Amino acid sequence: MAKATVAISQDFFNSFAALPKNKQNKVMEFLSKFRSNPEAKGFNYEKIQKASDPNMRSVRIDDTYRAILIREEGTNVYLLLWVDHHDEAYAWAARKRCVLNHATGSIQVYETQEAAAEPEVPAASEEKPLFADLSDELLRKLGVPEELLTYVRSLTEAGFDAAKDRLPRDAYEALDYVRVGLDPKEVIEELYGESTGEKTGDLVTALQNPITKMQFYVAEGEEDLKAMMNAPLEKWRVYLHPSQLRIVRKEYKGPARILGGAGTGKTVVAMHRAKELASHCLGNERILFTTFTENLAADIQENLRKICTPDVMKHIEVIHLDQWVNRYLRAHDYPYTIVYGDPIREMWKNAESYTGEDFDLPEGFFQEEWETVVQAQNIQTVAEYVKTPRPGRGVRLDRKQRMRVWKVFDEYRTLMDAEKVRDSACAMNECAQLLTAGPGVRLYSSVIVDEGQDFGPSAYRLLRAIAGSEHTNDLFIVGDAHQRIYKNKVTLSRCGINVKGRSGRLRMNYRTTEEIRHSAMNVLAGLSFDDLDDGIDDGKGYISLSHGDRPVVNVYSTQDQEAAELIRNIQEQMAAGIDPREICIVARTSPLLGEYKKFLSAADIDCFEIKRRQADDRSRMGVRLATMHRVKGLEFSTVFIVAANKNVIPLKSAVNRTDPTEKEAAMASERCLLYVAMTRAKKKVMISAYGAVSGFLG
């Protein structure tokens with residue numbers, strides 16, 4: 001007999017996660033034996049009485065617990081669907097059906113029409129059904145099973161959310177897209193792609209369908225299964241949406257750019273893309289995976305280890321770009337060190353004073369001009385500077401004024417040379433020049449860029465140089481301008497990166513509820529966002545399938561009152577069974593965070609601050625604390641945003657600009673920062689302030 005194929009559904013993992021720990025151990029023992037020989041004596045197959053699906057069976061875990069599965073005769077395929085106490089397992093199985101949908105070629109699990117309440121026919125004055133105008137053929141292509149066509153035609157806006165537990169997951173998602181205004185044909189292509197119309201006749205073939213893979217997982221081996229069962233909620237490791245899977249596996253004939261709102265899985269796609277490309281690397285070939293900050297690189301490195309074997313992992317190098325630049329320049333006897341912050345600001349003050357001239361320009365003007373004009377366009381001489389465009393700069397400069405400003409730049413360069421230092425953008429430009437002038441040896445077979453919206457032109461010119469001349473799968477960039485918190489802005493085509501015809505978009509938010517997503521987008525209302533190139537990303541078409549409470553904003557008279565309520569809410573969350581590691585307190589600045597850490601310690605609540613240069617150590621128990629910058633790239637069940645006060649959000653020092661254009665850009669970055677903090681939450685966001693609340697929340 002052919003080796004058995006045992007596929008595990010998302011529902012099985014969810015039900016497993018809800019079991020007591022001692023029963024989870026029993027299930028693990030069962031799975032190990034079942035994968036070896038599903039027909040072994042002792043599993044005690046039983047037919048489900050009164051089940052709508054004649055193929056539904058139960059098998060024995062122990063005296064009181066049963067697993068529900070589908071066994072297809074003749075193919076040796078077993079689909080594990082649910083695990084629970086005997087009575088609950090049978091009740092679940094009685095109202096469910098598992099079928100192969102021949103219109104989409106996928107395996108679907110849904111609640112039978114007999115189990116669902118009979119829909120009411122709306123009166124003429126009531127809300128019009130959402131899908132009344134769609135033909136049966138179109139509904140079938142959208143994944144609706146034949147027996148649920150009438151039910152779907154009856155759905156109104158008010159009743160649509162309840163349909164989530166009755167419809168197959170892919171059909172509900174497709175209908176949700178249509179509900180918010182997307183063209184049904186576009187939805188079919190987005191979700192089902194080439195799978196639509198496949199007339200598969202068996203489960204073996206259906207398990208290879210991208211839609212099926214979104215819901216069923218076939219473990220590669222014993223260790224693979226154990227790793228998955230030990231972290232059942234981290235389903236992103238194996239369950240990819242079909243639109244994600246197509247991007248991960250696609251061969252691009254040059255640079256590719258993928259956009260997606262918060263929670264759409266951009267980083268997940270980038271990591272699985274790295275795994276896919278690295279699995280085909282030979283010898284010493286490597287993939288470079290880079291991101292904007294050191295802490296994000298640490299998080300990505302940790303998560304890649306969870307989805308890659310050691311043999312695949314050795315072909316992937318994860319490093320943030322500044323660190324890569326430092327290492328490369330040191331290896332090529334570059335005599336300068338990259339510095340940040342106060343040393344740079346001090347040199348700019350000195351450079352201005354050394355010219356001996358009196359400049360009536362806003363504070364910070366020279367550094368901003370240097371970064372956003374001179375280094376962004378790699379300008380080397382005053383002759384180039386007086387002729388170059390200055391997009392996004394509020395202060396107008398004529399030719400004579402530019403020549404005076406250039407004197408400050410000359411002094412700044414002299415100071416950097418004397419002190420043997422470089423700022424980041426300058427070092428990147430000089431690094432790119434070294435690479436371009438070199439022998440042309442390709443350092444990596446592919447370069448993957450996460451958080452692409454935070455990189456500036458200097459970084460992208462360098463990335464183009466690192467990737468070498470344009471070739472298949474050379475650059476893969478994921479980003480979202482709505483999350484641009486560092487004010488860098490780029491047009492990829494002007495940096496030698498042509499993504500025309502090689503762009504994609506992720507629309508479905510898998511992290512946050514629709515209520516959180518909508519509230520976070522309201523923080524950005526009125527702002528315009530680019531697509532990292534010459535186009536606009538209007539944020540339309542992004543939706544969440546899950547629903548929950550709207551984010552709450554509470555304002556208190558004092559910080560002590562705010563902290564007392566924060567502690568009460570945290571204790572309430574933990575009493576409800578929320579893992580403290582799934583709770584995060586977010587503040588705008590590190591000093592503020594320290595204040596709330598003291599409040600938690602005084603209340604005997606264990607807490608763990610996620611530092612700038614480290615991954616979140618999940619082995620450490622305790623409520624998490626993070627700044628708004630540090631929380632980027634992470635996710636939690638509940639997020640508490642504290643001290644959302646006036647002059648804190650936005651931070652007064654961050655937006656203290658005399659130039660209106662620069663002030664507007666700084667305000668936009670602060671709004672993006674709040675958006676990022678809110679969208680870290682999967683289920684609940686609670687925002688609090690004391691005194692005057694932030695104007696962003698009014």
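Here a biologist asks a modeller how the labels on this predicted model are earned.

Modeller: Quick ground rules: this is a predicted model, where local features need pLDDT of at least 70, side-chain atom pairs count only at pLDDT 80 or more, and totals for chains, interfaces and linings use all residues. Residues are numbered from 1 along each chain as its sequence is written, and side-chain values use heavy atoms, with hydrogens and water left out.

Biologist: What makes Asp-136 and Arg-153 a salt bridge?

Modeller: The term needs a side-chain nitrogen of Lys or Arg within 4 Å of a carboxyl oxygen of Asp or Glu. Here N to O is 2.8 Å, so the pair qualifies. Asp-136 sits in helix H4 (residues 136-141) and Arg-153 in helix H5 (residues 149-154), so they tie together parts 17 residues apart in sequence. Helices here are DSSP runs of H or I with at least four residues, strands are runs of E with at least two, and both are numbered from the N terminus.

Biologist: Why is Asp-136 called partly exposed?

Modeller: Buried means under 20% relative accessible area, exposed means over 50%, and partly exposed is in between (1.4 Å probe, protein chains only). Asp-136 has 32%, so it lands in the middle class.

Biologist: And how do you know that Arg-630 is buried?

Modeller: Its relative accessibility is 3%, so it falls under the 20% limit. Arg-630 also meets Asp-299 in a salt bridge at 3.4 Å, N to O. Arg-630 is in the loop between strand E22 (623-627) and strand E23 (636-641), while Asp-299 is in helix H13 (residues 294-307), so the pair ties together parts 331 residues apart in sequence. Asp-299 is buried too, at 8%.

Biologist: What makes Asp-342 exposed?

Modeller: Asp-342 has 56% relative accessibility, so it passes the 50% mark. Its salt bridge with Arg-345 has the closest N and O atoms 2.6 Å apart. The two are three residues apart in helix H16 (residues 342-354), about one helical turn.

Biologist: How do you know that Cys-308 is in no disulfide?

Modeller: A disulfide is a pair of cysteine sulfur atoms within 2.5 Å. By this rule the count is zero. For Cys-308, the nearest cysteine sulfur, in Cys-281, is 11 Å away, so no bond is counted. For Cys-672, the closest one, in Cys-584, is 19 Å off, too far for a bond.

Biologist: Why is helix H21 called largely enclosed?

Modeller: Eleven of the eleven residues of H21 (residues 457-467) are buried, so the rest of the structure largely encloses that helix.
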